[in-house]
Amino acid sequence: MPEKVNADQGLDKKMNKSLSSNSKVKHFNKKESLFHNYEDFEETPTSAAVITVLGYAILTALGWLRDFLRNIGFEEKKTANDPNPKDFVPLYQSYECFYTRNLYTRIRDVFNQPIASVAGAKVEVMERLSDDFNWTFKFSGKKLPSINLGSYNYLGFAENQGPCSEQAIKSIEKYGVTTSSTRHELGNQQYMKELECLMAEYLSMEDCIAFGMGFATNALNIPILVGKGDLILSDRLNHTSLILGARLSGAAVHTFDHNDIQDLESKLRDAIIHGQPRTCRPWKKILIIVEGVYSMEGSLCKLSEIIELKKKYKAYLYVDEAHSIGAIGPRGRGVVDYWKVNANDIDIHMGTFTKSFGSAGGYLAGKKTLIDHIRVYSHSACYSSSMSAPIVQQIISALNIIMGRDGTNDGQKRIQQLACNVRYFRRQLVDMGFIVYGNDNSPVVPVMIFMPAKIAAVNREMLKRGCAVVTVGFPATALTESRVRFCISAGHTKEMLDHALKSMDEVGQLVSLRYSKQNRHRRWHELNHADYDKEYLS
């Protein structure tokens, strides 16, 4: 135990100091293999699962009762009417309407909370009040200053001052706000070419193409890559944009268990042996689609093993790095950098600019012939307006800082600070007895809360203590896997993290969130964590 205490003291003293990029990267690489393979998904306690299901059952029964009372006119609530128009195709499924009326509305105040500031390390949440049980809201005019633990501001570039903001403003003076044109017509400005060249260089790929919306980058471009006669093997927990793109493509879609390499290989083998249904003809292409960091689970894809399978079975690989680019790896180049694989072993690199870069849009990178094909045939390129100059300049400025082209080591400091913040925050939550999902180095930190009533309780109590958090429940998660999801940033100071941890400790005690049955302290010693912290921070 003394060894661990000394490590924590050193962490307290040095966590917020500037880190020398060159020397620290060597230390990071030397020890990071200790953490690569550890991902924790502790099983839901039986008691919590039973109470959670029972809670939803009671809420459903009460919802049916209230719907019955509304139908007979006993309870009047105009906003509770079924939104589907009469004598027309239903816009909503019946249970979707039921769930919204009777379950979601009860805790609606903890979702979609408006803010009145930049979504940086701190944020001002606008207080909302309701006098009709969350059917409608009104603003009180009060702003609640809070530590922002819900935004994907991984490298802390969500700022309204500094070099990125200054250059974005200058780009407006030079180029204006918009070209009001597509890339194929008048929207292909010089700053777009500069962004794509810089991003291709950063990713060590031949070419890159950028789009104005991250969601559309997946949804509208996957159909350009595969079609009828092709097979997509998709991780079961892939993002909605990937699922939509796969469905729009017309290709056959099979899912494999999350991060399960054995199941993926089984699906690949069966696809090659049996071919297409009915005809048994070989698939034209097999495309594997995975994410770098899974935004709900906090897990990292097993990229090295997936690449081995991809080569073994002659498939193609599409990696969505939306939550990993800039946030994972010694140089911030995503899971490719983290696992130290050859970037050319991945056929399609996808990522967004909305997280680590503090901007908007998405990109695809790969071989030049492939990117040229996408430029010509992509609906997202053909029919959407070109990206706005200040949006692009924000990304270019952030990239220059990350790559060290600004003449400073601020980019490496941010990357190292994020890694240090993540490990510290995760370790403290684990030691408090919470069930924490995901990889030890993932900036997405889900803490399981399970029960529906606790979704609102955790959110409200954390906000009272000055912490803005995101709580997630069914249907965004499985019925028994509601969670509070922390997103850690390089902009968070040690004092901010300590305040959030203290608040979570109090809330965890208040609503009984300490579900973990594992002895985590032993694991950290087995991984030589104390020595790792000392070497990393020396």
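## A bridge between S5 and S7

Ile232 has Leu287 as its bridge partner in S7. The model described here is predicted. The pair belongs to a longer contact between strands: strand S5, residues 231-235, and S7 run parallel and are joined over four bridges.

On its other pairing, S7 is parallel to S8, and five bridges link the two. One of the residues involved is Ile288, whose bridge partner in S8 is Leu317.

## The sheet

These strands belong to an open sheet of seven strands, in the order S4-S10-S9-S8-S7-S5-S6. The pairing in this sheet is mixed. Strand S4 (207-211) and strand S6 (252-256) are the edge strands, each paired on one side only. From one strand to the next, the twist averages 20 degrees.

Strand S8 (residues 316-320) also pairs with strand S9 (residues 348-352), in the parallel sense and over three bridges. Within this pairing, Val319 stands opposite His349 in S9.

## How S7 is covered

How many of the six residues of S7 are buried? The count is six of six, and the strand is described as mostly covered. Side chains in a regular strand alternate between the two faces of the sheet. In S7, Ile286, Ile288 and Val290 are on one side, while Leu287, Ile289 and Glu291 are on the other. Both groups are buried, and both faces of the strand are covered.

A helix also lies across this part of the sheet. Helix H12 (residues 303-312) crosses strand S7 (286-291) and S8, and runs at about 155 degrees to S8.

## Helix H11

Helix H11 spans residues 261-274 and contains Glu265. Is Glu265 buried or exposed? Its relative accessible area is 18%, and Glu265 therefore counts as buried, since the cut-off is under 20%. Apart from its neighbours within four places in sequence, Glu265 is in contact with Leu309, Lys312 and Tyr313.

H11 also holds a salt bridge between Asp263 and Lys267, with the closest N and O atoms 3.0 Å apart. Asp263 and Lys267 are separated by about one helical turn because they are four residues apart in helix H11. The two partners differ in cover: Asp263 is buried at a relative accessible area of 14%, whereas Lys267 is partly exposed at 25% relative accessibility.

## Other salt bridges

Side chains of opposite charge can pair when their charged atoms come close. Across the whole structure, a search finds 28 salt bridges. One of them joins the side chains of Asp207 and Arg375, at 2.9 Å from N to O. This pair links distant parts of the chain, as Asp207 is in strand S4 and Arg375 is in helix H14 (residues 368-377), 168 residues apart. Asp207 is buried at 11% relative accessibility, while Arg375 is partly exposed at 22%.

The side chains of Glu461 and Arg465 meet in another salt bridge, at 2.8 Å from N to O. Glu461 is buried, having a relative accessible area of 16%, and Arg465 is partly exposed at 24% relative accessibility. Elsewhere, salt bridges with shared partners connect Arg183, Glu196, Asp207, Lys368, Asp372 and Arg375 in one network.

## A nonpolar surface patch

Which residues form the nonpolar patch on the surface? They are Leu54, Ile58, Leu62, Leu65, Phe68, Ile72 and Phe74, and together they have about 730 Å² of accessible area.

One member of the patch, Leu62, is placed in helix H4 (residues 46-71). Leu62 has 38% relative accessibility and counts as partly exposed. That value fits membership of the patch, because patch residues must have over 30% relative accessible area.

## The protein as a whole

The protein has 538 residues, of which 54% count as buried. Its secondary structure comes to 21 helices and 15 strands. The exposed area is about 24600 Å², and carbon and sulfur atoms supply 55% of that area.

Contacts can also be sorted by separation along the chain. Among contacts with a separation of 6 or more, 74% are between residues 24 or more positions apart.

Conventions
Residues numbered from 1 in each chain as written. Predicted model: local features only at pLDDT ≥ 70, side-chain atom pairs only at ≥ 80, totals over all residues. Heavy atoms only, no water. Patch = residues over 30% accessible without salt bridge, like charges linked within 9 Å, V, L, I, M, F, W, Y side chains within 5 Å. Areas by Shrake-Rupley, 256 points an atom, 1.4 Å probe, with all protein chains shown as cover. Salt bridge = Lys/Arg side-chain N within 4 Å of Asp/Glu carboxyl O. Buried < 20%, exposed > 50% of the residue type's maximum accessible area, 1.4 Å probe, protein only. Contact = heavy atoms within 4.5 Å. Pairing = 2+ DSSP bridges. Axes fitted to C-alpha atoms, helices over the stretch in contact; angles between N-to-C directions.
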